[in-house]
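I opened the model to look up its hairpin, sheet, helix and core details. My notes follow in the order I took them.

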Amino acid sequence: MLKRLPLLFLLAALCVPAQARVDQVTYMKNGAYAGKIGTYALAGASYLDSRQAAKLLGGKIYWAPVSGKLTLQMKGKTVVFYMKSESVLVNGESVTFPNPMIVRGGKAFLALDFFTSKHFADAFGFRLDFNPETSVLAASREVTVTSVNYFSHPDKTRVVVYMEEPLEFQASQKENNLYSVNIFGGVIAREERLSVPDGVVRGIDLLQENKTARLVISPGENFGKVSAFRLSDPDRLVIDVSKLVVPVSQSITGDAPAEPSAPAAPPAAEGVTVITPSAGIPAPAEQPVPTAGGMALPDKLQTGSGRKKIVIDPGHGGKDPGGQKLFGLKEKEINLSVAKALYDLLKGEEAFDVMMTRDTDEFIPLADRSVIANNFKADMFISIHANAARNRAEKGFEIYFMSEKASDPWAAEVADFENSVIGLEDGGGQSDPAALLLHSMARNEYLNEGSQLAGLVSAEMEKRTPFVSRGVKQAAFYVLRGTYSPGILVEVGFMTNSSDQKHMNNKATREKVANAIYRGVMKYAEMKKWK
Ligand SMILES: [Zn+2]
């Protein structure tokens, strides 16, 4: 392979005219990174490598260099292009399109404008959008059911189907407990199969059947009662399967007898139980709404001791020092110090159980931090960091909450940096952090809560600390994404700004920051009637 490289470079250099730029666009499907497509720029227009584009879009290219005819086949539809012709045959019908195709280095390139055109959308039934700033080509589809995920709780397994709109559904249960839900008008991007190792549910399948998306839940041995309901913002269908309590006589360990158990037998299912949802359940809260044949389960936030669990996450640590500093404390040290002060304040509250992801200078991978939070069954996750910028004039605090998209390019840059630690992690290091970021992030159920908490903490920071406000922002932080609780990430100030860094080197100021976060958390708790 190596021997061929110089030749390739030589060929590329010969074939590419000086003014042309060979580049790439990123293709995203359903908000998830799907791959790269080579581009060719000519006279101000971009062209896509037809073969790479077709492959990523799920189609095929038939290219006849001699006759100059290129056929793009996809989803049973066909578009034919001819070299040096403005006439394009879309499913047999001729449409006019300026400069649709060029040939370079023996490869056929198709105009990017064609992919984003109405002709394309009409031909294949989905639309592509191109963002020149990010070089992202995104399939914005008629897909209405975007993904499925599950969350194992001690008392139940929650299956969540994410939808683009509140689609009607009908659930049914077979004699063998196989539970299926038809989602009318549901179009899935791809079939999905999840195996669930929690004993309640064994597997989840998301399938396409004509105009209906079909979710099939295979029961595990502890499959209990099921309730299905819709939640909004984002629109999603939730199926809660309660964990069947194993009767005492079957208990192997002979542990303390359980409460009078749930019905030993799974819900009597004579033939098929049909559950039709009432239209538009208004549900900002996560409270399951009982449906016929289902049963209401307590929300996670209302079980247990009643004390709310808060996880404080001091960013970085150990071999990962964090961002660049001008002088004084390293980011990992600032973070830990603020976190410890915050811990002491929250620990003093009756209403909370508090824990830290680290309380020493140790390296903890990002994924482990969210696992720690989830195992602790956190109701809130607060990650603490300090900022850095190339421009030393940049200063102030920022409060981030988890979001699929960054609120601005700066927010994206901050998230990139904080996520970059993934490269330091052993084994599971992803070579391309962008791929991680771009993965479907619609799965965070706690966006709204995160934004509320961020707003309250930001107001207190403004009032109680010397740092100027740069506001509440959104970005895709890995550490927030993996947690199943509302989460914020606080960037206290800029280590690259001498005034901010002086403040952060000062213990009294760090305590002011901790106090501000604490006050924000208390306001949030009040609002949520946590105490
Ligand atoms: Zn950081």
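Entry 1, the hairpin. This is a predicted model. I began with S4 and S5, which form a hairpin with four residues between them. Glycine 68 sits in the turn and has a positive phi of about 70°. I then looked up the pairing: six bridges join S4 (residues 59-64) to strand S5 (residues 69-74), and the two run antiparallel. For one register point I took lysine 60, whose bridge partner in S5 is glutamine 73. I also asked how many of the six residues of S4 are buried. The number is zero, so S4 lies largely in the open.

Entry 2, an open sheet. Next I traced a sheet of five strands, which is open and has the order S15-S16-S19-S18-S17 with antiparallel pairing. Its edge strands are S15 (169-173) and S17 (192-195), each of which pairs on one side only. Neighbouring strands here are turned by 15° against each other on average, with direction ignored. At the S17 edge I found four bridges to strand S18 (residues 201-209), running antiparallel. Within S18, isoleucine 204 stands opposite leucine 194.

Entry 3, helix H11. I wanted to know which residues of H11 (residues 498-505) are buried. They are Asp500, Gln501, His503 and Met504. Why do they lie on the same side of H11? The arc they cover around the axis is only 155°, which puts them there. As background, an α-helix has 3.6 residues a turn, so residues three or four places apart point the same way. I then listed what the buried residues of H11 pack against: helix H5 (331-347), strand S24 (380-387), strand S27 (487-494) and H12.

Entry 4, the cores. The largest nonpolar core has 50 residues. Val457, Ile488, Val492 and Ile517 have the most contacts inside this core. Which helix gives the most to it? Helix H12 (residues 507-527) does, with eight residues. I picked isoleucine 488 for a contact list, leaving out residues up to four places away in sequence. Isoleucine 488 touches Ile382, Ile399, Tyr400, Phe401, Gly450, Leu453, Ala454 and Val457. Apart from the largest core lies another, of 31 residues. Among the residues of that other core are Tyr27, Phe81, Phe97 and Ala139.

Note on methods
Residues numbered from 1 in each chain as written. Predicted model: local features only at pLDDT ≥ 70, side-chain atom pairs only at ≥ 80, totals over all residues. Core = buried A, V, L, I, M, F, W, Y, C linked by C-beta atoms within 7 Å. Buried ≥ 20, exposed ≤ 12 C-beta atoms within 10 Å, placed from the backbone. Contact = placed C-beta atoms within 7 Å. Arc of directions from axis to C-beta. Pairing = 2+ DSSP bridges. Axes fitted to C-alpha atoms, helices over the stretch in contact; angles between N-to-C directions.
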